Amino acid sequence: MANSWKGPLIKIDDWRYKVPKSYRADMRVDGIVYCDERLLTHIKEEMALEQVCNVATLPGILKYSLAMPDIHWGYGFAIGGVAAFDVKEGVISPGGVGYDINCGVRLLKTNLTIKDLKTELLEQLVRSIFHNVPSGVGSTGKIRISQREVMEVLEKGARWAYEKGFGTERDLHFTEENGQMKGARPDLVSKRALERGTPQLGTLGAGNHFLEIQVIEEIYDEESAKVFGLEKGMITVMIHTGSRGLGYQICDDAIRNLRKAVQKYGIHLPDQQLACAPIESPEGREYYSVMVCAANYAWANRQCITHWVREAFSQVLKKPVEELGMDLIYDVAHNIAKFEEHIVNGQKKLVCVHRKGATRAFPPNHPQIPEEYRKIGQPVIIPGDMGTNSYLLVGTQKAFEETFGSTCHGAGRVWSREKALRETKNRDIAQELRRKNIIVMAASKEVLREEVPDAYKDVDIVVDVCHNAGISKRVCKMRPLGVVKG
């Protein structure tokens, strides 16, 4: 392949490889890739490793440019890329967060078991969720609010949704950042971004976003599962979506602004998609403030959707929500930049961690984890895609030491959407999944073909690498039963 990786890749151990900074004169740090020999072929087939090297050239980068096992080519940073920057000397980059700011996932448990969900009931649930939660490209929601109210959402995040009757105070407690990051500046968000965000609150969107009814098929860590209140055979629900058109527009606006900042501050970039600004510059602070707005919008979005999923279960099962035990286990962000304290060269240091297609994986006893989970570590939720397993893991001390408290976020694509459409030209994906006893409803047949499981790496292997490398620890595996795709 013309675009395949030709550079050096030195094996550190069975789960890590290194691209030495000697590979390129402009690299400030090594690139470290978490993968094994099973994943190497896919990783070498595209130029994601070159993107890892590009990130290693950025001013103020600390320790290494990291890649998780679900790494694949993205805008600026590879998806699956992690990098931390010195607050005084480093930069912040929209390409290190992504267009779908705070694309993330939450997991709900129920007190139902697989025996309670006969096929007919499952079909009714999938249909009810599909009609209750608007989905698809450009979908608009059931919430009618003004642009002024959207600005309140950008400030308050999931708390706004809770105050409007969507969910419980407990939901906020079990959401990363309690669903509300500080530092939002809605007044800096463009009119176009507000226009795009106003009608889309409470919508799933399209692409890889989904709602999934699952069954816990295997428990690996009984102690952690007990803390979460999870058992084999229990029904769970996973919600995967982000900040919709608002987040996309905020990223687009920021990239245009920061291209000028690159020239202003004399930053040399090997790729203009890495447009950035010094963290403490006016441009850097502005990007962070509007990124926080989009992150808060995404948490409010998932909170509203959670409310409608609970309503769907209540309607179909003819029981009050309170009797269904639909508690939130946790909600994690995938595409975000955060200020966190980490140990660098033996000293505690405030750094700006970019996680793009990567999940925070804080260790046991970390103060930012809900108290109920502190003895086991932060929940890490890894979604599969329609026909594949999903996982619940917990963060580890090793992740905190090696990866700035980060792990993978999913399977990672191996086919582009265009290739997936070509490869599945005459296939009926819904029927293929039905034969595997998975009921699926989608806004279009095309999205099923774009998101066909063949288009992704094997999530079981990706999770296996993270577990064996020690950067997160498996708790349980969920198998899909019913899927709603945008």
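Two strands count as paired if DSSP finds at least two bridges between them. By that yardstick, β8 (residues 210-219) and β9 (residues 234-241) in this predicted model pair up in the antiparallel sense, with six bridges. Within that pairing, Ile 213 faces Val 237 of β9. Strand β8 also has β19 (residues 473-485) as a partner, again antiparallel, and here nine bridges do the joining. Ile 213 turns up in this pairing too, with Gly 482 as its bridge partner in β19. As for its surroundings, β8 is mostly covered, since eight of its 10 residues are buried.

A second set of strands is built around β5 (79-86). Seven of the eight residues of β5 are buried, so the rest of the structure largely encloses this strand. Strand β4 runs antiparallel to β5 and is joined to it by three bridges, one of the pairs being Ala 67 with Gly 81. The two strands make a hairpin with six residues between them, and in it Gly 76 adopts a positive phi near 80°. Strand β5 is also joined to β13 (residues 347-356), in an antiparallel arrangement with six bridges; there, Phe 85 has Cys 352 as its bridge partner.

Turning to the nonpolar interior, the largest core takes in 169 residues, and Met 291, Val 309, Phe 313 and Leu 392 have the most contacts inside it. Helix α10 (residues 282-317) is the top contributor to this core, giving 19 residues. Setting aside residues up to four places away in sequence, Val 309 touches Ile 129, Val 133, Leu 211, Val 237, Ile 239 and Met 326. Val 237 is the residue that stands opposite Ile 213 in the β8 and β9 pairing.

Aromatic rings come next, with 10 aromatic pairs in the structure. In one of them, Tyr 75 and Tyr 99 meet edge-to-face, at 5.5 Å centre to centre and 85° between the planes. Tyr 75 sits in the loop between β4 and β5, while Tyr 99 belongs to the loop between β6 (91-92) and β7 (104-113), so this pair ties together parts 24 residues apart in sequence. Tyr 99 has a relative accessible area of 19%, so it is buried, the cut-off being under 20%. Elsewhere, ring pairs link Phe 174, Phe 228, Tyr 330 and Tyr 373 into a cluster. Charged groups also sit over rings: the charged end of Lys 63 lies over Phe 404, 5.1 Å from the ring centre, and that of Arg 474 lies over Tyr 220, at 4.9 Å from the centre.

Finally, a couple of polar residues in loops are worth a look. Arg 24 is placed in the loop between β2 (16-19) and β3 (30-34). With a relative accessibility of 14%, Arg 24 counts as buried. Its side chain makes a polar contact with the side chain of Asp 26, at 3.1 Å. Apart from neighbours within four places in sequence, Arg 24 is in contact with Glu 50, Cys 53, Asn 54, Thr 57 and Pro 270. Gln 200, for its part, is found in the loop between α7 (191-197) and β8. Gln 200 is buried as well, with a relative accessible area of 9%. Between Gln 200 and Asn 301 there are 8.5 Å in space, C-alpha to C-alpha, although the two are 101 residues apart in sequence.

Technical notes: Residues are numbered from 1 along each chain as its sequence is written. This is a predicted model: local features need pLDDT of at least 70, side-chain atom pairs count only at pLDDT 80 or more; totals for chains, interfaces and linings use all residues. Side-chain values use heavy atoms; hydrogens and water are left out. Helices (H or I, at least four residues) and strands (E, at least two) are DSSP runs, numbered from the N terminus. Buried means under 20% relative accessible area, exposed over 50%, partly exposed in between (1.4 Å probe, protein chains only). A polar contact is a pair of N or O atoms within 3.5 Å; within protein, one must be able to donate a hydrogen and the other to accept it, and residues adjacent in sequence count only if both atoms are side-chain atoms. Contact means heavy atoms within 4.5 Å. Rings of Phe, Tyr and Trp (its six-membered ring) pair if their centres lie within 6.5 Å; planes under 30 degrees apart count as stacked, over 60 as edge-to-face and the rest as tilted. A charge sits over a ring if NZ of Lys or CZ of Arg is within 6 Å of the ring centre and within 35 degrees of the ring normal. A nonpolar core is a set of buried Ala, Val, Leu, Ile, Met, Phe, Trp, Tyr and Cys residues joined through side-chain atoms within 4.5 Å.
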